[in-house]
Amino acid sequence: TMAPFFLSRQALSVGLILQTTTAFQSQASFTTRTAALTSPLIAARPALSQTNNNRNTNTARRMIGSILDLLSGGDGGMISPDNALKGRPEKMAGIDGLKHYVLKNDLQEVPEGYEQCVFGNGCFWGSEKAIWRLPKGIHSTAVGYCAGFTPNPTYNEACSSMTGHTEGVRVVYNPKEISYVDIMRMFWESHDPTQYMGQGNDRGSQYRSGIYYFNEDQKRLIEASKAAYEKQLGKGKITTEVAAASDYDKYGGLWYFAEPYHQQYLAKPGSRPYCSAQPQGVSLAAFDSWCPEDLKEKYQPKLPESFWKQHGPVRGCSIVRFDNEPISESSY
């Protein structure tokens with residue numbers, strides 16, 4: 001039978017992850033924290049600080065989450081709303097008044113006339129950086145937990161797959177300077193949307209691909225571009241979750257900010273250059289070939305093809321190698 005082979009393959013995968021994890025933590029610390037994380041008492045929720053030690057602890061927890069998903073078969077699945085952690089009414093501490101580490105704007109504000117885009121495509125560190133580097137029109141980016149059932153979750157809770165959230169990015173942008181289509185194109189090209197419940201080595205519902213619309217125009221643009229990109233990839237069905245932001249109002253809302261130390265993480269000194277996304281090196285088809293006719297004038301891309309040829313995602317995650325500052329318009 002295949003069972004011995006399957007078990008040995010799973011054991012090897014787990015062993016490799018455990019070996020990597022112990023590079024970040026002492027064995028005693030790792031054992032204790034593993035037990036705490038996998039215990040039914042996970043809702044105890046120890047507070048996190050912004051120290052390097054806790055960054056390493058969270059790296060271990062990310063790996064442990066992937067271990068648990070490997071043991072369960074790798075697809076993660078989705079927890080039901082009734083079984084999700086209960087959460088709390090208090091919003092994330094430290095977000096009020098917090099400025100974007102690179103762009104210097106308030107993370108929460110949405111200036112008049114500006115719009116929002118929310119998506120998830122794997123580990124949120126690299127996903128966020130890809131957007132804040134766009135050359136114009138981005139007021140702020142933030143990382144957080146979206147499309148779940150637990151109000152005001154913590155990182156530990158989201159990593160447990162017990163909240164229903166996926167790691168996400170919230171973009172506040174000026175539609176006069178950059179089109180929703182430009183941001184959406186970066187979303188599609190920056191990961192492999194055919195991977196179910198994960199990206200690369202990060203497995204589970206907390207790493208699922210998803211994009212969430214705030215109006216009917218966004219919905220139509222997402223669906224049309226998804227159909228076009230699925231044909232271009234030619235490797236099976238795109239499994240990206242597409243849903244209305246309002247679908248999550250009954251759970252407290254679509255979006256919750258992550259802890260301050262996660263915000264613009266890759267731009268900060270001492271950050272670990274990690275990215276799990278799996279770009280396929282395939283460009284989205286020409287805008288005019290898939291965009292609904294009545295939306296073409298309003299949503300014309302603001303970024304030219306010369307930008308994508310010079311700075312578009314290539315196969316394999318490379319965002320961690322790039323500068324943190326926004327791309328200069330003179331570079332393409």
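**Close-up 1. N152 and A147 sit in the loop between β2 and α5.** In this predicted model, N152 lies in the loop between β2 and α5. Look at its backbone: N152 has a positive phi of about 50°, even though it isn't a glycine. Why is that worth a second look? Most residues other than glycine have a negative phi. A147 belongs to the loop between β2 and α5 too, and with a phi of about 60° A147 is also a non-glycine residue on the positive side. Are these two buried or exposed? N152 has a relative accessible area of 13%, which is under the 20% cut-off, so N152 counts as buried. A147 has a relative accessible area of 1%, so A147 is buried as well.

**Close-up 2. Strand β2 pairs with β3 and with β8.** Step back along the chain from that loop and you get to β2, which covers residues 138-146. How many of its nine residues are buried? The count is nine of nine, so this strand is mostly covered. Take C146 as an example: its relative accessibility is 0%, and that is why C146 counts as buried. Now for the partners. Eight bridges tie β2 to β3 (residues 166-173), and the two strands run antiparallel. To spot this pairing, find I138 and look for Y173 of β3 standing opposite. With β8, strand β2 makes three bridges, again in the antiparallel sense. Here the pair to find is G144, with F257 of β8 opposite.

**Close-up 3. Helix α4 is mostly covered.** This view picks out α4, the helix made of residues 124-132. Which of its residues are buried? Go along the helix and you'll meet F124, W125, G126, S127, E128, K129, A130, I131 and W132, and they are buried one and all: nine of nine. A handy tip for reading a helix picture: an α-helix has 3.6 residues a turn, so residues three or four places apart point the same way.

**Close-up 4. C275 and C317 form a disulfide.** Search the whole structure and you'll find one disulfide. Its two sulfur atoms, from C275 and C317, are 1.8 Å apart. The link is right-handed, with 85° about the S-S bond. Where are the two ends in the chain? C275 is in the loop between β8 (255-257) and α8 (287-290), while C317 is in the segment after α9 (305-311). That puts them 42 residues apart, so the pair links distant parts of the chain. C317 has a relative accessibility of 25%, between the 20% and 50% cut-offs, and therefore counts as partly exposed. Another cysteine, C291, is at 5% and so counts as buried.

**Close-up 5. D192 is a buried loop residue with a polar contact to T194.** D192 lies in the loop between α6 (180-189) and β4 (198-199). Being in a loop doesn't put D192 out in the open here: its relative accessible area is 2%, so D192 is buried. Who does D192 touch? Setting aside neighbours within four places in sequence, D192 is in contact with Q199, K235, Q278, P279 and Q280. Next, check the side chains of D192 and T194, which are joined by a polar contact of 2.7 Å. Finally, compare sequence with space: D192 and L233 are 41 residues apart along the chain, and 9.1 Å apart from C-alpha to C-alpha.

Conventions
Residues are numbered from 1 along each chain as its sequence is written. This is a predicted model: local features need pLDDT of at least 70, side-chain atom pairs count only at pLDDT 80 or more; totals for chains, interfaces and linings use all residues. Side-chain values use heavy atoms; hydrogens and water are left out. Buried means under 20% relative accessible area, exposed over 50%, partly exposed in between (1.4 Å probe, protein chains only). Helices (H or I, at least four residues) and strands (E, at least two) are DSSP runs, numbered from the N terminus. A disulfide is a pair of cysteine sulfur atoms within 2.5 Å. Two strands pair if DSSP finds at least two bridges between them. Contact means heavy atoms within 4.5 Å. A polar contact is a pair of N or O atoms within 3.5 Å; within protein, one must be able to donate a hydrogen and the other to accept it, and residues adjacent in sequence count only if both atoms are side-chain atoms.
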